[in-house]
Amino acid sequence: MKPQILLKISILLSFIIFSISPGIAYGQQKYNGYYVSKTGDTTFGSFMNYTQWVKNPRDVSFKPDGGDALLTLKPGDVSLFSINNLDTYVSKEISRMTNVIHIGNIGLSIPPEYKEVEDVYENLHVFLREIYNSPVLKLYEFSDAKRTNYFALENNGKFSELQFKAFYNRDDKPVYVRNYQVQLQGMLASLLVGRASLERKIFYVDYDGEDIVKYLDKVMNVKSATGKKAFRPEFAISVGGMANFFEIGPRQQTIPATRTKFDVKTAPLFSVSYIQYFQRNLGKVFLNPHLKYLSIEQVGIAPYEYINNLAYSPDTVTVYLKEINLDLFIGKSWIKTDNFSWYTSIGPSLHFFLENSYDERKPSGTSEKNSGKSFAMFFAAETGVVINKKIGLWVNYSGLPDVQNKVSYRFRSTNIQAGLQYRFRL
C-alpha cells in the first residue's frame, strides 16, 4: 500500500477514535482518597465513579479499603471528601444566587429571567469543589445546569458567596453587576496596601474560577495547585530517528512516465515538546506541539521510461533537506494510570526549510542544482506510550505532497519518525 494512502487511513482512524465515547480504559479506573464523616472520622478507600466533574456531583461512589461494600456518599453524610492530588469537595448548606450570568444575543424577545433586577436565591445542601487554598482565603465552586457560583471562606471563618449577575435594563441594554470584585478587594485589603497597580487589576478579573485564582496567586505571591497537581504542563526532550520515503512522478497526467521511489533513507532527529493538559477531564485531552530538527540527503535514480518521456529529466536526483518541523497536535490519552499511559494525537505539521535543494544529473553527464520551497504544510498523526510519567516512546507518521518547485514533475515525501522521550515539569 502506498505511503500516501496509509497516511490518509491513519488520519481517518484518528478522527474516528477521537469521536467515539470517551474513556476506553477509564471506566473501571479507581481513584484513591478519603472522606471525613460528620463526626470527624476519616475513612480511606477508592472513588469508583470519579471523572473530574464539570458539574458538581450530587453523590459519589466510594469503596473503603479492605471492604467489599460500595457506599454512596451524599452531602448530608460527610463533611468532605478528597481524591488524592486531584480534587477536594466540602459539604455545605448554601444560599446561592440563581440570576443568570450569561446574556448573549437572545433575539428580539427577552425572557423574563433576563430582565430580573432583584437578587434571586435558592437554598441547597451540596458538595462544593475547592479551587484555591491559602492561609488567607479558600475559594469554592458550585456549578449546575442553572449557573456557576463561587464562594469564599476567609481565615476568620466568614463564608460568603462572590456575587455576580447580569440582566437587561428597561432600554434592553445589558447590565453586569460585578459585586464579587468589591468583595475580593475587601477580603484582600491588608495584602493590597501599597500595591495600587495590583488593586486596580481586581476590576478586570472575570467571573471565572481560573481568572480569580490567577489574581489570587499574584496577590499571595504563591501558586495554588489545588485540584490541578496532576495536570500541570509538561515538557519533553526526544532523541530518535526517521525513515524517509521520496517519490518523483510527472505533474502532467498525460505523460506515461512511471513514478520513481528513492531508496529509503534514515537520519537522526532531535525534538522538544510541550504538553498542555485541558482541565476538568483527568488530563485525557491535551495540546502537544513538537519542535524538531531534521537533516537528510537522499538519492533517486530515474527509470528509463521517465527519461524517454521527459527530455530534460535527470538520470540521478539528489535531494538535500534541512528543516525545522513544528507539529501542532491535539491528543487524547486512552489508557492513563500512574505507571503507564497510551495516547494518540493528530494535527498540522509545519515544515520550515533551512535548506531544500536537489541536484539533477542528466544522461549527458551535466549537473544542475535547483532550490525548492521554503515552507510546506501537511497533516501528521502520532501514537505513543509513557512509562512512569517520565519515559516516553512515540511514532509519528507524516508526509508532504510536494516539497520542490520543479515544473515538469513533483516530489512526494513521506516519513516515519520515532523517538525516545524524557518528560519533566518545571
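## A walk from N149 to the β20–β21 loop

Select N149 and R96 to begin, and you will find their side chains joined by a polar contact of 2.8 Å, where a polar contact is a pair of N or O atoms within 3.5 Å, of which, within protein, one must be able to donate a hydrogen and the other to accept it, while residues adjacent in sequence count only if both atoms are side-chain atoms. Keep in mind that this is a predicted model, in which local features need pLDDT of at least 70 and side-chain atom pairs count only at pLDDT 80 or more, whereas totals for chains, interfaces and linings use all residues. Residues are numbered from 1 along each chain as its sequence is written, and side-chain values use heavy atoms, with hydrogens and water left out.

**Stop 1: around N149**

Stay on N149, which is found in strand β9, residues 148-154; strands (E, at least two residues) and helices (H or I, at least four) are DSSP runs, numbered from the N terminus. Is N149 buried or exposed? With 0% relative accessibility, N149 counts as buried, a word that means under 20% relative accessible area, while exposed means over 50% and partly exposed lies in between (1.4 Å probe, protein chains only). Now show the residues that N149 touches, leaving aside those up to four places away in sequence, and you will see R96, M97, Y140, E141, F142, E161 and Y207; contact here means heavy atoms within 4.5 Å.

**Stop 2: strand β6 and its partners**

Next, select residues 87-97, which form strand β6: eight of its 11 residues are buried, so this strand is largely enclosed by the rest of the structure. Add strand β5, residues 78-83, which runs antiparallel to β6 and is joined to it by four bridges; two strands pair if DSSP finds at least two bridges between them. Within this pair, I83 stands opposite D87 of β6, and in the hairpin, which has three residues between the strands, N85 takes a positive phi near 60°. On adding strand β7, residues 121-133, you will find that it also runs antiparallel to β6, with nine bridges between the two. R96, met at the start of the tour, has E122 as its bridge partner in β7.

**Stop 3: aromatic rings**

Which rings should be shown for the aromatic cluster? Select Y31, Y35, F47, Y50, W53, F62, F81, Y89 and F127, which form one aromatic cluster. Rings of Phe, Tyr and Trp (its six-membered ring) pair if their centres lie within 6.5 Å, and planes under 30 degrees apart count as stacked, over 60 as edge-to-face and the rest as tilted. By this rule the count comes to 21 aromatic pairs. In one of them, F81 and Y89, the ring centres are 5.0 Å apart and the planes stand at 15°, so the pair is stacked; both F81 and Y89 are buried.

Move on to Y150 and Y207, an edge-to-face pair with 5.0 Å from centre to centre and 75° between the planes. Y150 lies in strand β9 and Y207 in the loop between α3 (196-201) and α4 (209-220), so this pair ties together parts that are 57 residues apart in sequence. Y150, at 4% relative accessibility, counts as buried, and so does Y207, at 13%.

Then select K92 and F159, where K92 lies over the face of the ring, 4.6 Å from its centre; a charge sits over a ring if NZ of Lys or CZ of Arg is within 6 Å of the ring centre and within 35 degrees of the ring normal.

**Stop 4: N415 and the β20–β21 loop**

N415 is found in strand β22, residues 409-424, and at 4% relative accessibility this residue counts as buried. Its side chain makes a polar contact of 3.1 Å with that of Q417. Beyond residues up to four places away in sequence, N415 touches M242, A243, N244, N396, Y397 and S398.

Finally, select N388, which lies in the loop between β20 (375-387) and β21 (391-400), and K389, which lies in the loop between β20 and β21. Although N388 is not a glycine, it has a positive phi of about 55°, and K389, also not a glycine, has a positive phi of about 60°. N388 counts as partly exposed at 48% relative accessibility, as K389 does at 45%.

**Last stop: colour by confidence**

Colour the protein by pLDDT, the predictor's confidence in each residue, from 0 to 100. The mean is 82, and 78% of the residues reach 70 or more. Confidence is highest in strand β10 (residues 159-162), at a mean of 97, and lowest in helix α5 (residues 304-309), at 45.
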